[in-house]
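Trainee: I would like to go through this model with you and ask, for each label we attach to it, what that label rests on.
Mentor: Then let us have it in front of us.

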Amino acid sequence: MTELLLILCLPLAGAAVLGLRGERTWAAEANAAFSLVTFLAAVALAARVVGQGPLVLLSELFFVDALNVFLVTLTAFVGFTTSLFSRVYMRVEQQLGRLTGMRLRLYHGMYQMFMFTMLVALLTNNVGILWVAMEAATLATVLLVSLYRTPASIEAAWKYFILCGVGIAQALFGTILLYLAAERVLGAGGSALLWTHLHEVKDQLEPTVLGIAFVFLLVGYGTKVGLVPLHNWLPDAHAEGPTPISAVLSGLLLNVALYAVVRNKVLVDAALGSPLPGYLMMGFGLLSVLVAAFFLFRQKDVKRLFAYSSIEHMGIAAFAFGMGGPVAAFGGLLHMTAHSLTKSAIFFAVGHAAQKTGTQNMDEIRGLVHVSPAVGWGLMVGGIAILGIPPFGVFASEFVILTTAMRDHPWAAPILLIGLGVAFASVFSRLQAMVFGDTTAKRLPHPPALLPVFVHLALVLMLGLYMPPYLAAWYRQAAAMLG
Amino acid sequence: MSVSQAVLQLFQGVLAVAVAPLVLGWLNQCRAWLQNRRAPSLLQPYRVLIKLLRKEMVLATNASWLFRLAPYVVFACMVLAGAIVPLVATDLPFARAADVIALVGLFALARVFMALAAMDVGTAFGSLGSRREMLIAALAEPALLMVFFTPALISHSTALTTIVDQFSNGALQIHPSMAFAAVAFVMVLLAENARIPVDNPSTHLELTMVHEAMILEYSGRHLALMDWAHALKLTVYMGIGIALFLPWGMAHPQNWLELPLALAALGVKLALAGAGLALLETLAAKMRIFKVPEFLGMAFMLAVLGMLVHFLVET
Amino acid sequence: MSSPFVGQVIDLLAALMLLIAFAMLAQRRLLRLIHLFALQGAVLTLNTMVVAVTLVQSHLWFSVALNLVLKVIVLPMILIRVVNRLGLRRDAESVGNLPFIMLVAVVLVILSFNVALPISRLAGTITRGTLGIAMASMLIAFLMMITRRKAVAQVVGFLAMENALFFAATSATYGMPMVVELGIALDVLVGTFIFGIFFFQIRETFDSLDTRSLERLGGRE
């Protein structure tokens, strides 16, 4: 109870404080401090849930089980490390004169607000509030994407706003349909949207209504996940916003949107009793992997490159959850974790690299190891990890997903492999030139904030080599929920 | 056919013919008020008709019999339409002919004669007007038919009297599809009666005129008949609109006492319709002629939509 | 009040919603578009009121108040202010091939009626046909957003879409739970403010509110 209140109130208080005083010199430290305490509270909550089992709190408004507490911890962790990175990064941006005090205030306030909406979306028991929080997350980040006020960034933010707004409206329609079906079983009123109640009666819900509802929910939240063909906003928003925002969009927002889809899928699966929702997700997932892999090939901007890589990995995770079954769900959850950690680490490294060279164009970024060995190696190791090369966690999860696909859906495995192969070829060649190419540039004047990068990468490495038994038990618990 | 029915029939025919210029006068008056002008007298159209009837007629030297016949045919068509559309009562002997499809045909007959007569003399304006008129008609007619189909589907009949009987006597029932049909009908009415935004009856600007271009060669008695027919057409259209969308207050069969009431109701409804039309015409701007197909296309679409809504919501 | 009569009134209001959606699709003038949006909000409010009166659902009165304040008064006012401040009062835009767009809209109506048909059969509420109409209005608003180039018109389309969703919620399920409705209303309000901020940012940067100037990124995938 205390932990939950802390998790929710701290970011909100942080948003209030930083929204008023976010331009002060101590704001970045305060941002990190708020995030740190939130993370500690999340760890405490996770410990309690793993020990005591699921909790329903605050007159059933919030619900914590193994699945969402795991994502809460991940979200709070990445939120914390990103705030460490952003402390250094944003200070340099300010020195370069790209940001005024007012914008910095907006940035810090909205950063905490975004964390708050993410955590509400994860913790709420009400699928309606889930929708509200997802929409609020868009609202919180949209002004951050246009923070630099360049034509390109405003265009990206507008696209992000309109596309996600339209998408999320479809999800609301899906939620209304879900409520329509639930009302017939649970009666009108508040309880018909509570996930715990819905979960109890999930096999009595009207299949036709839920089938149609799921299509809308998948399209709606799928837009935020960045599934092809609804992905158009994603590369622009990632490329044009400040790098810490790219990191949390990729590492957190996409995860939470996927979580929303998966939560609803559990209900729809039971009501329909057919594999249709799973096939839909698998289809979207495979399409995302393939299309994103081929688009990777044509990118020139380094942040767009990794944005497409995010689409690809979200496709893999969606495919895994689409297959269903505890093993695939385990793979999906592991993939979400590994991707989230790796991708944010990459964005940290890319952020420093782009700041150093003053461009995001990959052809102009060369020889990072000479400029700053830490940034160069961070990017290289991160890149290798995200491409699924052993012994990193992404390899482990992709291996689990691929072997499950070969067993259950042999037709899908080659498609997946082609996607991974193309992605590997196009990212690896770029990476090599960027990291080891010749350069005349001088060494970086600012000490980069590389603690987060290497902490993330170390964690991903650990996930690939050795999984602590309690972590494995936790994953299994969450996967069983979805199975 | 009983005597009383025949009397009623005759009465309604005369009523329609007599009241038509008044409706036009009222419309003009409302428009003048809305546009902050001093309104002409309510009786102005009558004065114009009388003046024209007294005037000498000038005929083009190459005018054929068609040119001379057309005003009578057009006027007769409109009188017939005015007699069969149920204005005050449904129990009319001729009303069986008031099939909505037949009505569309009747209007088409009048239009064909008018267009042919306009081309007969061979002036540029005449053929220009009739060409434009045919363009409008070709689009307005299907839209009008579609408008009629929605009430016909609801009442399972294409006879106007049956439709009115069903709507006015049954329990109060709201048909959402009729809202679409009503909007489409108003759009067709504007186009068919040469009102703004499709045509402007009060100018003779050669770039835009449609109806006025067609009757440009007429004078004296012929022009009076054409103008009168035009006013009658407007009244009949309003009558059809009232019958379809506001049918309450019609006199029941064999009930003579209700007739004054029905007359009063008709008066009020026509006055309201006229005022509404004047408002619409004041608010709208005349559109360019090549936008008219778009306008009527929308009317058609709305009418189709009305039918769809009927099928999907009301059955 | 007798139930079939109420059902008919709600059907009528639903048809009006759809009619206004079509009118918005065809309306070129920005200011008229906003007026139509306010009118749609009024129809929505009236519909919620009818449902609230009939079913004696007290929580629906909050929605009535919320709708009245937000959709009929506040949002149109904000939009009109924005339009005035940006000097767009007389702005009109070309809307492509209108008959073709209308035809697409009719197809969308048929489609959504077909999708909603099985659901409507199940809905125990007095308003069976309205779900299809709500869905059609939503898709038409979506179509409007696609066919418009001006940022303000796109936003009106977005808000009209939200109207349609709200209509679906009230007529198909007698309104969502209070918490959710409040949350949605808050999102819409904040969203409109952000849109307002955006209009100025876009104009400042591009000297135009035509989103065609926002197509630089479009070429790059």
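What follows is a conversation about the reasons behind the labels.

Trainee: What kind of model is this, before we begin?
Mentor: The model is a predicted one, and the values we discuss are computed from it.

Trainee: What makes chain A as compact as a globular protein of its length?
Mentor: Chain A has 19 helices and two strands. Its radius of gyration is 21 Å, and the globule rule gives 23 Å for 483 residues; the two values are close, so chain A is as compact as a globular protein of that length. Along the principal axes, the C-alpha atoms of chain A fill a box of roughly 70 × 50 × 45 Å.

Trainee: How much of chain A counts as buried, and what share of its contacts joins residues 24 or more positions apart?
Mentor: The buried share is 64% of the 483 residues of chain A, where a residue needs 20 or more other C-beta atoms within 10 Å to qualify. Of the contacts in chain A with a separation of 6 or more, 81% are between residues 24 or more positions apart.

Trainee: Why is Pro151(B) called buried or exposed?
Mentor: Pro151(B), which is found in helix H5 (residues 124–155) of chain B, has 28 C-beta neighbours inside 10 Å. The cut-off for buried is 20 or more, and therefore Pro151(B) counts as buried. Leaving aside neighbours within four places in sequence, Pro151(B) is in contact with Ile163(B), Met178(B), Ala181(B) and Leu244(B). The C-alpha atoms of Pro151(B) and Met307(B) are separated by 8.8 Å, although these residues are 156 residues apart along the chain.

Trainee: And why is Phe290(B) called buried or exposed?
Mentor: Phe290(B) has 8 other C-beta atoms within 10 Å, and a residue with 12 or fewer is exposed, so Phe290(B) is exposed. Phe290(B) is found in the loop between helix H10 (258–283) and helix H11 (292–313) of chain B. Its C-alpha atom is separated by 9.9 Å from that of Leu135(B), which is 155 residues apart from Phe290(B) along the chain.

Trainee: Which residues have the most contacts inside the largest nonpolar core?
Mentor: They are Ala143(B) and Ala184(B), in a core of 387 residues. Helix H6 (residues 151–186) of chain A gives the most to this core, with 23 residues. Not counting residues up to four places away in sequence, Ala184(B) touches Ala143(B), Val147(B), Ala299(B), Leu302(B), Ala303(B) and Gly306(B).

Trainee: How do you know that the reach of helix H1 of chain B is close to the expected one, and where does this helix bend?
Mentor: Helix H1 (residues 3–34) of chain B has 32 residues and reaches 45 Å from its first C-alpha to its last, against the 46 Å expected at 1.5 Å a residue. H1(B) nevertheless bends by about 35 degrees at Val19(B), and a proline, Pro21(B), follows within four residues. Just after H1(B), Asn36(B) takes a positive phi of about 60 degrees.

Trainee: What elements make up chain C?
Mentor: The secondary structure of chain C comes to seven helices and zero strands, which run α-α-α-α-α-α-α from the N terminus on. Of the 221 residues of chain C, 53% count as buried, and among contacts between residues at least 6 apart in sequence, 74% join residues at least 24 apart.

Trainee: How do you know which chains touch, and which pair has the most contacts?
Mentor: Two residues are in contact if their C-beta atoms lie within 7 Å, and among the two pairs of chains that touch, the most contacts are between chains A and C. Chain A and chain B do not touch, and their nearest C-alpha atoms are 18 Å apart.

Trainee: What makes up the side of chain C that touches chain A?
Mentor: Here 38 residues of chain C are in contact with 40 residues of chain A. The largest share of this side of chain C, 13 residues, comes from H7(C), and by class its residues divide into 27 nonpolar, seven polar and four charged.

Trainee: And what makes up the side of chain C that touches chain B?
Mentor: There, 19 residues of chain C are in contact with 18 residues of chain B. Helix H1 (3–26) and helix H4 (98–122) of chain C each supply at least two residues of that side, and H1(C) gives the most, with 10 residues. By class, this side of chain C has 15 nonpolar, three polar and one charged residues.

Terms used
Residues numbered from 1 in each chain as written. Chains lettered and ligands numbered in written order. Predicted model: local features only at pLDDT ≥ 70, side-chain atom pairs only at ≥ 80, totals over all residues. Nonpolar A, V, L, I, M, F, W, Y, C, P; charged D, E, K, R; others polar. Core = buried A, V, L, I, M, F, W, Y, C linked by C-beta atoms within 7 Å. Expected span 1.5 Å × (residues − 1). Bend = angle between axes of the 7 residues up to and from the residue. Rg over C-alpha atoms; globule rule 2.2 N^0.38 Å.
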